[in-house]
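Here is a short report for a newcomer. Look over the sequence and the model first, then read on.

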Amino acid sequence: MSTPSILILPGDGIGPEVMAEVRKIIGWLETNRDLKFDVSEDLVGGAAYDAHGVPLHDDTMARAQDVDAVLLGAVGGPKYDDLDFSVKPERGLLRLRKEMDLFANLRPAQCFDALADFSSLKTEIVAGLDIMIVRELTSGVYFGEPRGIFEEGNERVGINTQRYTESEIDRIARAAFELARKRSGKVCSMEKANVMESGILWREVTQRVHDADYPEIELSHMYADNGAMQLVRAPKQFDVILTDNLFGDILSDCAAMLTGSLGMLPSASLGAPMANGRPKALYEPVHGSAPDIAGEGKANPIACILSFAMALRYSFDQGEEASRIEQAIETVLASGARTGDLLGAEGGSAMSTSEMGDAIAAALTDSL
Ligand code: IPM
Ligand code: MG
């Protein structure tokens, strides 16, 4: 196979800082593991807006379609709050997801042992937690038509449309069942079939795909509001959670916080296989651009490094190297290394973004 190509889009806020640490890890693999990557870089979000007046240039879109994997840092910031909706930084990310047809968003929420005490929930509720949220990413209320703000009589009305076709539900359900096969064989699907027709269809199609092709998987259905409650009450009852775009957005932030810090969680957004067999793919941390700490070297690079580990696993068939990176992070955290976001009420001294990257690279070297 040709050298794997990666397009890095650091984006805004802490994006460039955390991405610099990913570059460090890529460099480590090239030096120590005999792997080669063809890495290029471009702009997205506010950074692209500043340079081109749009949050994603057409050339960048074309390059993203062409590479084996896109790694994205974060987009957005207060500087761009007053921009027209159509050129807001987030539109760049949404365009990438939509045009690459990245319908399957995998958001693992894993609680590292060293951080179990750090969660806002009791340690025993979250210790050992390892769940995977499979969020539909290219449809639903994020993209449904009609949408807009319209005049109606003497006032305006804001409209968004929740819309799912059977085939959209079918393919995301399959993605969840396939993943469940490699995990504990359990899927809980969440919607609001009690109030929404799209939820009724979601439940029906999910069950149908299950009965036809994945009968060995244990499938349950739950209303999404109950799901949110169960996530904080007893999260370990779940393994794979399958849900739509908007509920997935909310539930994954909730699940993320169970693990102690948003700064720890990676994600993969996958589409259909390309000609070379690799899926269309974009990897990004779940956290945002954190403008309040941008440029200060305080950001936690772990979520972004773990996102690259997901790229190794899902795009480059390098599961062993992905596990090596995850293990190195586990080791570094166990040794007490902490960026500021991981310091609890007891305080302690925080290491910088690049010190954390160095520590992970050193743990990788120790693992050889
Ligand atoms: C996420 C984010 C995005 C979303 C925003 C930045 C558009 O919250 O990836 O979870 O709502 O999908
Ligand atoms: Mg979100």
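Which side chains meet in a salt bridge? They are the side chains of Arg 171 and Asp 101, at 3.0 Å from N to O. The model is a predicted one.

**Two domains**

The domain assignment of the protein gives two parts. Domain 1 is made of 1-110 + 261-368, and domain 2 spans 130-258. Their C-alpha centres are 25 Å apart. Each side brings residues to the contact: 21 from domain 1 and 21 from domain 2.

How much area is buried between domain 1 and domain 2? The figure is about 1900 Å². Carbon and sulfur atoms give 60% of that area. On the domain 1 side, three residues stand out: Phe 103, Arg 107 and Ala 109. Together they supply 32% of the area that domain 1 buries against domain 2. No other three residues supply more.

Polar links also cross between the domains. Seven residue pairs are in polar contact between domain 1 and domain 2, counting pairs with both residues at pLDDT 80 or more. For salt bridges, the rule finds one across this interface.

**The ligand**

Which residues are around ligand 1? They are Glu 90, Arg 97, Arg 107, Arg 135, Tyr 142 and Asp 249. Five residues of this shell count as charged and one as nonpolar, while none count as polar. Both domains take part: domain 1 and domain 2 each give at least three residues to the shell. Arg 107 is in this shell, and Arg 107 is also one of the three residues named above for the area domain 1 buries against domain 2.

Three side chains place an N or O atom at these distances from an oxygen atom of ligand 1:

| Side chain | Distance to an oxygen atom of ligand 1 |
|---|---|
| Arg 97 | 2.7 Å |
| Tyr 142 | 2.5 Å |
| Asp 249 | 2.8 Å |

How much of ligand 1 does the protein cover? On its own, ligand 1 has 320 Å² of accessible area, and the protein covers 76% of it.

How values were computed
Residues numbered from 1 in each chain as written. Chains lettered and ligands numbered in written order. Predicted model: local features only at pLDDT ≥ 70, side-chain atom pairs only at ≥ 80, totals over all residues. Heavy atoms only, no water. Near = heavy atom within 4 Å. Polar contact = N/O pair within 3.5 Å; in protein donor to acceptor, adjacent residues only side chain to side chain. Areas by Shrake-Rupley, 256 points an atom, 1.4 Å probe, with all protein chains shown as cover. Nonpolar A, V, L, I, M, F, W, Y, C, P; charged D, E, K, R; others polar. Domains from an automatic or database assignment. Contact = heavy atoms within 4.5 Å. Buried area = accessible area lost by both parts, 1.4 Å probe. Salt bridge = Lys/Arg side-chain N within 4 Å of Asp/Glu carboxyl O.
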